[in-house]
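Good morning, and thank you for coming. Please have the sequence and the structure before you as I speak.

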Amino acid sequence: MITTSSNTRSALSDHTVASLKTHIAHWGMNPHHAARLLKEYYRTGGRVDFNELKIGNALETKLSAEIELRQATMLERKVSSDGTVKFLLGLKRGGAVEAVLMDSATPGRAAGCVSSQIGCAMGCDFCASTKRGLERNLEAGEIVEQFLQLRAEALSSGRQLRTLVFMGMGEPMQNYDNVVTAVERIAGEDLGEFGWRQICISTVGIVPGIDRLADEDRNVVLALSLHAPDDETRSRIVPMNKRYPVSEIMAATRRYADKTGRIPNIEYCLLNGINDSDEQARMLGELMRGFRAHVNLIPYNWIGTGLSGTEYSQPPPERLTAFMTILRDAGVHAHFRKTRGEDVNAACGQLREITVAATV
Ligand code: SF4
């Protein structure tokens, strides 16, 4: 039987078909309804209507009494001038997280970004999510709730949620089990049917996590947050580099690609005067030599001062162009990631920890 750590009732998003069946059987009712109920729950983005499902009054009453339909409540919904929607979701177990829905390049499709932790312990100096440290890991069900919210928002605007990236608050590899459990529910055929290949898990370069993901052959896309091609610069802006330096994280990412056959993404946030020189572009080109991967260049999104007290800025347009040109001349498959939702602090690196009392 599923109970939650804070003794609150479990929510439907905490359950698998098997665990819900166990509950229903324990109540002396037909466990057969579990699969249909949960499938509909995921299909509708958590907007399931028990009445329409015709599961019977007795089960409906029992479910309503014993299991929460949702464990997250919308505390705030902000819409950017470019249509990006940022949610602040209050969680029953305490705290709040942000998740973001963006338009995809293809009309009628949308992409979602979810958080894996409340706050982050990694200390990347250009990222707002880490400014107050790590509050806690999210449970798998709390990650699923973000997905459900994003799917429902997309559906309500006539779009289909087609990709999901773990690039919100937190380092997914530091909450590996819950992240993978959530992905299993979201992607798998018995629940979310989203598909593994539509999901991207990013990491700042936690080598054991990358290797574990490769060994388990989860078939998701891996995104490595590189941000600098040399250890001196990277250690300055990504403290975890002191533990896992550039050579090791690149080797792990190559192992992932070799083992899974998936093409990884290399994320590179361009900071004016820090990691945007011609020399660094050439070094990045060198690192990418013979490696089939996509480099996503992300012009920095402003967050005020970083943990070190440094205030970063975006390189001027001509520097961005020069950096890209050097990479492409070196044969690297590189693109600029379009910045979305900057005016509502929904862009990369801008999601932050907001402490909210458990009011839901
Ligand atoms: S960039 Fe990612 S890993 Fe680094 S502090 Fe921000 S959320 Fe954490």
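Arginine 109 has glutamine 160 as its bridge partner in strand E7. Please bear in mind throughout that this is a predicted model. The pairing of arginine 109 belongs to a longer contact: strand E4 and strand E7, which covers residues 160–166, run parallel and are joined by five bridges.

Let us now turn to the other neighbour of E4. Strand E3, residues 96–103, is joined to E4 by four bridges, and here the two strands run antiparallel. Within this pairing, aspartate 103 has alanine 110 of E4 as its bridge partner. E3 and E4 form a hairpin, with five residues between the two strands. In the turn of that hairpin, glycine 108 has a positive phi of about 85 degrees.

Why is E4 described as largely enclosed by the rest of the structure? Buried here refers to a relative accessible area under 20%. Strand E4 consists of residues 109–113, and four of its five residues are buried, so the strand is largely enclosed.

We may now place these strands in the whole sheet. Ten strands form an open sheet, and from one edge to the other the order is E1-E2-E3-E4-E7-E8-E9-E10-E11-E12. The pairing in this sheet is mixed. Which strands lie at the edges? They are E1, residues 72–79, and E12, residues 333–336, each of which pairs on one side only. On average, and with direction ignored, neighbouring strands of the sheet are turned by 25 degrees against each other.

A further pair in the sheet is E8, residues 199–203, with E9, residues 221–225; they pair in the parallel sense over four bridges. In this pair, threonine 203 stands opposite leucine 224 of E9. Helix H11, residues 317–329, packs on the sheet and touches E10, E11 and E12. The direction of H11 makes about 160 degrees with that of E12.

Finally, I ask you to look at two helices. The axes of H1, residues 17–26, and H2, residues 33–43, come within 8 Å and cross at roughly 130 degrees. The two helices are therefore oblique to each other, and H1 passes H2 in a right-handed crossing. On the H1 side the contact is made by Val17, Leu20, Lys21 and Ile24, and on the H2 side by Ala34, Ala35, Leu37 and Leu38. Of the residues in this contact, seven are nonpolar, one is charged and none is polar.

Thank you for your attention.

Conventions: Residues are numbered from 1 along each chain as its sequence is written. This is a predicted model: local features need pLDDT of at least 70, side-chain atom pairs count only at pLDDT 80 or more; totals for chains, interfaces and linings use all residues. Side-chain values use heavy atoms; hydrogens and water are left out. Axes are lines fitted to C-alpha atoms, for helices over the stretch in contact, and angles run from 0 to 180 degrees between N-to-C directions. Angles under 35 degrees count as roughly parallel, over 145 as roughly antiparallel, 65 to 115 as roughly perpendicular and the rest as oblique. A crossing is left-handed if the near helix is turned anticlockwise from the far one by less than a right angle, and right-handed if clockwise. Contact means heavy atoms within 4.5 Å. Ala, Val, Leu, Ile, Met, Phe, Trp, Tyr, Cys and Pro count as nonpolar, Asp, Glu, Lys and Arg as charged, and the others, Gly among them, as polar. Buried means under 20% relative accessible area, exposed over 50%, partly exposed in between (1.4 Å probe, protein chains only). Two strands pair if DSSP finds at least two bridges between them.
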